[in-house]
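Me: I've got a model open and I'd like to talk it through with you. Can we start with one of the helices?

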Amino acid sequence: MPEPFKNLLSKTVITGMGKHFARAWPEFDRAAFIAAATKNRKALELKERSVQITSTMATFLPDDFHRAAAIMLAALAPDDWDDAGNPEVDDRGIVGWAVMPMTHYVGLYGLKHFPLSMTLLKEMTKRSSSEFGIRFFLLEEPKRTLSTLEKWTRDSNHHVRRLVSEGTRPRLPWAMQLPAFVKDPAPILPLLEMLKDDEEEYVRRSVANNLNDIAKDHPDRVAKIAGQWLAGASKDRKKLVNHACRTLIKKGHQKTLKALGYGPARIELKKLKILTARVAFGDALLFELCLTSTSKKPQPLIIDYAIHHRKANGSTTAKVFKWKKITLESCATLSAKRKHAIKKITTRVYYPGTHKLEIMVNGVSLGTKTFKLVM
């Protein structure tokens with residue numbers, strides 16, 4: 001069984017933080033910090049642990065923000081760390097997930113110390129990510145913060161460049177939303193434009209995730225951007241745009257599909273058959289289909305399927321799953337099978353009874369079939 005996500009902020013990590021705070025400031029009460037920061041930790045999830053560590057830092061670090069900032073900077077590991085996997089605090093200093101509560105501290109207590117806070121967040125993001133901490137400043141001083149981020153789009157460190165796109169995501173998971181950018185993303189679009197061809201995929205993927213956030217509130221705008229960015233696009237930029245439009249593709253947003261080169265499908269669903277009419281929970285749904293092109297020329301197709309899951313009240317809710325992208329030749333036929341596991345996951349509660357399978361091509365439903373889930 002994989003290690004619980006919350007253990008990214010384990011007692012070992014917190015102990016390491018205390019060690020390096022004490023190294024930077026000998027008066028730091030290391031033992032009391034560790035005791036307070038780890039209190040009831042087994043009952044706390046990752047974000048709750050982070051909040052508790054931040055609160056404990058506020059108790060044991062100096063009240064003067066400039067002194068606290070110097071201690072935090074001195075406690076950081078060198079910025080040449082290997083960012084593969086999930087690095088932990090070691091003898092060189094604080095790095096990885098331990099930085100998360102530190103950036104929160106800067107966001108809570110550094111708003112009146114803008115230049116120093118920007119220095120802190122820039123250095124911290126080189127060891128992990130300041131995507132949560134920077135949001136306090138985007139909410140409090142958006143113009144000043146955006147001006148700083150614009151400069152950071154040209155930084156030599158790819159973690160700093162990624163912070164520009166990740167920190168400005170309007171709907172970043174686990175984080176405070178940025179209501180102004182949810183309403184109007186115009187101020188952050190120039191930043192994404194500057195980063196769309198970044199040499200690091202790590203940065204480009206963050207740009208895509210930001211656009212995907214924007215697409216939830218401004219689908220037509222993202223469809224327009226997709227069309228503009230695909231003109232003369234490199235392979236890397238095409239990959240970025242496709243990832244950015246993933247939610248719109250699943251929803252069958254026609255302007256987006258058109259921008260990506262997928263017009264109305266000239267297709268007939270010749271056969272849709274469920275091979276497992278009764279699916280025992282923990283097993284898999286197996287189905288097959290047969291599609292025939294009615295077009296006189298080759299056509300690109302996005303083939304997706306949705307499972308309409310039964311809810312407790314008997315109604316259903318659909319979840320779209322990606323299947324395949326193909327180019328189907330004129331009058332050609334495609335036959336395909338698919339296995340879809342139905343097993344315990346943390347993000348869904350399953351209920352027995354009738355469920356529905358739906359096939360979609362280029363965002364348009366072609367047919368449905370039902371099956372029964374047995375718990």
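Reply: Sure, and keep in mind that this is a predicted model. In H13, the buried residues are Val222, Ala223, Ile225, Ala226, Trp229 and Leu230.

Me: How wide an arc do they cover around the axis of H13?

Reply: An α-helix has 3.6 residues a turn, so residues three or four places apart point the same way. The buried residues here fit that picture, since they sit on the same side of H13. The arc they cover is only 160 degrees.

Me: And how far apart are the end C-alpha atoms of helix H13?

Reply: The helix runs over residues 219-230, which makes 12 residues. At 1.5 Å a residue, the expected span is 16 Å, and the model agrees with that. The end C-alpha atoms are 16 Å apart.

Me: Which helices are included in what covers the buried residues of H13?

Reply: The cover comes from both sides in sequence: there are helices numbered below H13 and helices numbered above it. The list includes H11 (189-195), H12 (201-215), H14 (235-244), H15 (246-250) and H16 (254-259).

Me: What about the nonpolar cores: which residues have the most contacts inside the largest one?

Reply: In soluble globular proteins, nonpolar side chains tend to be buried together. The largest core here has 74 residues, while a second, separate core of 24 residues includes Leu272, Leu285, Leu334 and Phe371. In the largest core, the residues with the most contacts are Met17, Phe21, Phe33, Met57 and Met72.

Me: Leaving aside neighbours within four places in sequence, what is Phe21 in contact with?

Reply: Phe21 is itself among the residues with the most contacts in the largest core. Three others from that group, Phe33, Met57 and Met72, are on its contact list. The full list is Phe28, Phe33, Met57, Ile71, Met72, Ala75, Ile94 and Met102.

Me: Is Thr56 buried or exposed?

Reply: Thr56 lies in helix H3 and touches Phe33, Ala36 and Ala37, not counting residues up to four places away in sequence. Its relative accessible area is 6%, and the cut-off for burial is under 20%. Therefore Thr56 is buried.

Me: Asn40 and Asn362 both have a positive phi. Which of them counts as buried?

Reply: Asn40 has a phi of about 55 degrees and is found in the loop between helix H2 and helix H3; at 56% relative accessibility, it counts as exposed. Asn362 has a phi of about 50 degrees and lies in the loop between strand S7 and strand S8. With a relative accessibility of 2%, the one that counts as buried is Asn362.

Key
Residues are numbered from 1 along each chain as its sequence is written. This is a predicted model: local features need pLDDT of at least 70, side-chain atom pairs count only at pLDDT 80 or more; totals for chains, interfaces and linings use all residues. Side-chain values use heavy atoms; hydrogens and water are left out. Helices (H or I, at least four residues) and strands (E, at least two) are DSSP runs, numbered from the N terminus. Buried means under 20% relative accessible area, exposed over 50%, partly exposed in between (1.4 Å probe, protein chains only). The expected span of a helix is 1.5 Å times one less than its number of residues. The arc is that of the directions from the helix axis to the C-beta atoms. Contact means heavy atoms within 4.5 Å. A nonpolar core is a set of buried Ala, Val, Leu, Ile, Met, Phe, Trp, Tyr and Cys residues joined through side-chain atoms within 4.5 Å.
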